[in-house]
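Good morning, everyone, and thank you for making the time. Let me put the structure on the screen, and then I will walk through it piece by piece.

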Amino acid sequence: IGEAMAAFGFEEEGEEEVLGELFVDEEYVEKTFQVGSLQQTALCSMAASTDFDLTGQIIWPVSLYLASFIAHCPEHFRGRTVVELGAGCGLAGLVAARVGASATVLTDGSDVVMRLLDRQVEAAVDRGDPVAGPLVASKLVWGDTSSIADYDAVLQRSGCPAHADVFVGADVVCWPACVEPLLCTLKHFFLRKENPFDAALFLGYVCRATNTREQFFAAAKRMGFCWEKIEPGSFLPSRDTSGGDEAPSATSKAMLGPAVDEAQVHLVWPREVNSRSATVEEDDNGSKDEDAQQKAYSDLELYCVRLDKTAPEARQEPEFGGYPEDGGVPF
């Protein structure tokens with residue numbers, strides 16, 4: 001391999017890194033999505049790697065789901081410092097900036113994804129996205145104290161506060177080995193606030209393995225966290241019989257509890273926008289399109305995670321153990 005690389009002008013040192021980058025596609029396109037009343041454009045890959053730390057090059061349904069919650073519930077983000085953890089393409093963070101966050105920080109632990117986030121911030125500035133405060137990208141490796149120090153330095157140079165009020169994360173609970181580093185980092189930032197019980201994480205979750213879900217919530221409880229599930233009917237508008245969209249009323253919110261079969265409720269899900277016509281993409285058969293959306297979002301969950309005021313463990317500083325070198329992937 002070394003001789004072959006030398007023939008192409010590569011030094012032998014760092015050949016593993018070079019080989020890895022040869023197979024990474026960093027060509028991105030702009031796609032626009034309808035989330036609530038907002039149309040948000042973001043760079044993303046059309047053919048990203050499925051490698052564990054490069055899935056952030058794609059905008060997944062759970063990212064749209066979380067972004068839609070932010071767009072429909074701006075009161076949780078307006079005037080607050082918002083940090084997106086494991087941001088990937090940063091769609092949720094971009095929407096938080098649009099709805100009035102006083103500062104927004106897009107973070108990820110992958111160097112490849114960080115290059116995308118840097119471009120994402122530049123593109124938002126070039127487009128003239130209306131934001132209320134600084135929009136910053138910074139690398140953040142969970143469970144790594146030196147990475148947190150570097151993150152703090154970036155925020156200081158950017159004029160962002162060291163503490164954050166709200167965190168968002170879409171599909172950041174994937175591998176068991178990453179649960180503790182994620183929760184330790186989150187708790188560390190929560191405890192920076194004068195009132196740590198005022199901080200919150202809005203977590204978009206995809207349950208791929210029940211044991212990972214059980215591990216996450218067990219570890220969260222052990223560290224003094226509590227959580228509440230947010231049902232889609234509590235924030236997504238419903239489609240009325242005339243084809244228009246209407247926000248959920250207090251009555252409909254009460255009706256759309258966990259026991260309701262969401263498949264029977266015509267909710268307005270976020271969608272990609274056709275850039276050529278600036279209209280929402282739809283199939284010729286509207287009902288098929290709606291069914292496809294329902295299927296895509298049916299396995300997604302949304303939680304609000306906070307520190308539990310009644311838990312003695314809530315005020316204890318976390319013990320950092322670092323981030324697994326293999327990314328926590330069990331194969």
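I would like to start with the sheet, where seven strands form an open arrangement in the order β5-β4-β3-β6-β7-β13-β8, with mixed pairing. The edges are held by β5, residues 135-139, and by β8, each of which has a single partner strand, so that one side of each is left without a neighbour in the sheet. From one strand to the next, the twist averages 20°. Please keep in mind throughout that this is a predicted model.

Let me stay with β13 for a moment, since several of the pairings I want to show involve this strand. On one side, β7 and β13 pair in the antiparallel sense over six bridges, and if you look for G204, you will find that its bridge partner in β13 is L302. As for β8, five bridges join this strand to β13, and the two again run antiparallel; here E228 has C304 as its bridge partner in β13, while F225 is bridged to L307 of that strand. How much of β13 is buried? The strand is mostly covered, with seven of its eight residues buried.

Turning now to the helices, I will take α8 in some detail. This helix covers residues 210-222, which is 13 residues, and it reaches 18 Å from its first C-alpha to its last, close to the 18 Å expected at 1.5 Å a residue. Its buried residues are T212, F216, F217, A219 and A220. Seen down the axis of α8, these buried residues fall within an arc of 160°, so they line one face of the helix. What does that face pack against? The buried residues of α8 pack against α7 (179-190), β7 (200-206), β8 (225-229) and β13 (300-307), and the last three of these are strands of the sheet I have just described. On the other side of α8, by contrast, T210, E214 and K221 are exposed. Just after the helix, G224 takes a positive phi of about 95°.

The next helix to consider is α3, which lies across β6 (166-170), β7 and β13, and runs at about 55° to β13. Besides the sheet, α3 (residues 61-72) also packs with α4 (residues 91-98), at an angle of about 10° and with the two axes 8 Å apart. That angle makes α3 roughly parallel to α4, the cut-off for that description being 35 degrees. The contact is made from the α3 side by S63, L64, L66, A67, I70 and A71, and from the α4 side by L91, A92, V95 and A96.

Finally, I would like to move to the other end of the strand order, where α6 lies across β3 (81-84), β4 (103-108) and β5, running at about 160° to β5. Within α6, which spans residues 145-158, we find D150. Is D150 buried or exposed? With a relative accessible area of 54%, D150 counts as exposed, because the threshold for that term is over 50%. The C-alpha atom of D150 is separated by 8.0 Å from that of K139, a residue 11 positions away along the chain.

That is where I will stop, and I am happy to take questions.

Conventions: Residues are numbered from 1 along each chain as its sequence is written. This is a predicted model: local features need pLDDT of at least 70, side-chain atom pairs count only at pLDDT 80 or more; totals for chains, interfaces and linings use all residues. Side-chain values use heavy atoms; hydrogens and water are left out. Helices (H or I, at least four residues) and strands (E, at least two) are DSSP runs, numbered from the N terminus. Buried means under 20% relative accessible area, exposed over 50%, partly exposed in between (1.4 Å probe, protein chains only). The expected span of a helix is 1.5 Å times one less than its number of residues. The arc is that of the directions from the helix axis to the C-beta atoms. Contact means heavy atoms within 4.5 Å. Two strands pair if DSSP finds at least two bridges between them. Axes are lines fitted to C-alpha atoms, for helices over the stretch in contact, and angles run from 0 to 180 degrees between N-to-C directions. Angles under 35 degrees count as roughly parallel, over 145 as roughly antiparallel, 65 to 115 as roughly perpendicular and the rest as oblique.
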